[in-house]
Amino acid sequence: MSLVPQIWTTNELRRRGFESPELARLVRSGELTRIRRGAYGPPEPQAPPVTLHRRLIEASIGELGPGAVLSHGSAAVMHGLPVWATAIERVHVTRDRGYGARQRRSVDVHGAGLTADDITVVDGVTVTSLARTVLDLGRTRSWEQAVAAGDRALAIGLGRDDLDRCLDRMRGWPGSRQAARVSACLDPASESPGESVSRVRLVEQGLPSPILQYVVRDDRGQAIARSDFAWEEYRTIGEFDGKVKYGRLLRPGERIDDVVFAEKQREDAIRDQGWQVVRWLWDDLYRPGVIGDRVRRAFARSAA
């Protein structure tokens with residue numbers, strides 16, 4: 001099964017009558033995209049990084065040779081896990097060997113042990129398993145990136161036992177302690193990368209663990225809202241506001257303004273039940289201490 005639209009090698013294009021000057025002209029004009037050295041494809045000017053990485057995988061896979069297993073960010077893309085653009089600037093593969101990594105043009109080769117349980121096939125391509133992919137990210141990427149991927153992996157079927165067994169096989173490897181920390185933090189109830197990163201920030205800023213996807217009820221026990229985070233003891237609700245979130249709430253014929261107004265009514269109903277409401281955006285996740293300060297102020301208001 002092809003991962004992406006057709007990829008053409010330089011040799012294939014030359015057999016069709018395209019010489020180097022013509023190929024260079026087509027690339028300059030935007031009629032052809034140079035994906036990597038020796039590989040071209042149709043232009044996709046609006047393609048997101050994940051789509052571009054799948055193109056790079058297909059353009060590279062023929063040169064990887066036997067025994068190469070897509071891993072790290074590349075495996076995350078194949079599994080449909082959220083991944084940061086910096087993790088997929090190059091194709092990542094792992095080979096079952098004891099010596100270290102090396103770079104080959106657009107490919108990073110990692111040397112590490114691989115068992116049968118660490119390997120699976122996605123879209124006809126050999127990749128590391130969900131568990132191995134999450135823990136490799138945990139060993140090599142930031143805590144927030146690995147948690148976002150791991151939360152999603154648990155939500156689509158990764159078992160805790162699989163994670164534990166894979167982590168046990170990694171004992172003593174570089175980054176294995178960090179991977180263990182990631183594993184302990186994962187929660188399949190997290191519904192977006194923004195919520196996953198929010199949870200990491202809450203831990204980093206010393207706040208008590210919240211309840212995820214908490215249902216707020218009125219005095220009659222009727223559900224009036226579901227929140228991203230809740231601290232029952234402090235009667236405080238936390239909400240991550242991502243633009244995509246509002247887009248998901250749109251019904252046919254509705255505008256963003258309609259959704260924002262409905263969200264305000266929802267928040268008023270939550271406050272009417274005696275809850276504090278704290279909101280934050282993507283930018284706030286990267287402003288030191290901002291979320292923690294807001295939540296603590298809400299705790300103080302609730303106690304007053």
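**Exercise 1. Find which residues the ring pairs link into a cluster around Trp 231, and work out what the stacked pair ties together.**

Step 1. Ring pairs join Trp 231, Tyr 234 and Phe 299 into a cluster. Here, rings of Phe, Tyr and Trp (its six-membered ring) pair if their centres lie within 6.5 Å; planes under 30 degrees apart are stacked, over 60 edge-to-face, and the rest tilted. Keep in mind that this is a predicted model: local features need pLDDT of at least 70, side-chain atom pairs count only at pLDDT 80 or more, and totals for chains, interfaces and linings use all residues. Residues are numbered from 1 along each chain as its sequence is written, and side-chain values use heavy atoms, leaving out hydrogens and water.

Step 2. Search the whole structure and you get five aromatic pairs. One of them, Tyr 234 with Phe 299, is stacked, at 3.9 Å centre to centre with 15° between the planes.

Step 3. Now place the two rings. Tyr 234 is in the loop between strand S11 (223-231) and strand S12 (236-240), while Phe 299 is in helix H13 (residues 290-303), so the pair ties together parts that are 65 residues apart in sequence. Helices (H or I, at least four residues) and strands (E, at least two) are DSSP runs, numbered from the N terminus.

Step 4. Check exposure, where buried means under 20% relative accessible area, exposed over 50%, and partly exposed in between (1.4 Å probe, protein chains only). Phe 299 is buried at 9%, whereas Tyr 234 is partly exposed at 28%.

Step 5. Look next door in that loop between S11 and S12: Arg 235 sits there too. Its phi is positive, about 45°, although Arg 235 is not a glycine, and with a relative accessible area of 33% Arg 235 is partly exposed.

**Exercise 2. Lay out the open sheet of four strands and say which helices pack on the sheet.**

Step 1. The strand order is S10-S11-S12-S13, with mixed pairing. Two strands pair if DSSP finds at least two bridges between them.

Step 2. Strand S10 (211-217) and strand S13 (276-280) are the edges, each pairing on one side only. From one strand to the next, the twist averages 45°; axes are lines fitted to C-alpha atoms, for helices over the stretch in contact, and angles run from 0 to 180 degrees between N-to-C directions.

Step 3. S12 and S13 run parallel, joined by five bridges. Phe 240 has Trp 280 in S13 as its bridge partner.

Step 4. Add the helices. Helix H9 (residues 193-204) packs on the sheet and touches S10, S11, S12 and S13, its direction making about 45° with that of S11. H13 packs on the sheet as well, touching S11, S12 and S13, and its direction makes about 170° with that of S13.

**Exercise 3. Describe the surroundings of Trp 282, then find the rings that have an Arg charge over them.**

Step 1. Trp 282 lies in helix H12 (residues 282-285) and is partly exposed at 34% relative accessibility.

Step 2. Skip neighbours within four places in sequence, and Trp 282 is in contact with Pro 193, Gly 194, Val 197, Phe 240 and Asp 241; contact means heavy atoms within 4.5 Å. Asp 241 is 41 residues from Trp 282 in sequence, yet 7.5 Å away C-alpha to C-alpha.

Step 3. A charge sits over a ring if NZ of Lys or CZ of Arg is within 6 Å of the ring centre and within 35 degrees of the ring normal. Arg 181 has its charged end over the ring of Trp 143, 3.6 Å from the centre, and Arg 201 does this with Tyr 286 at 5.0 Å.
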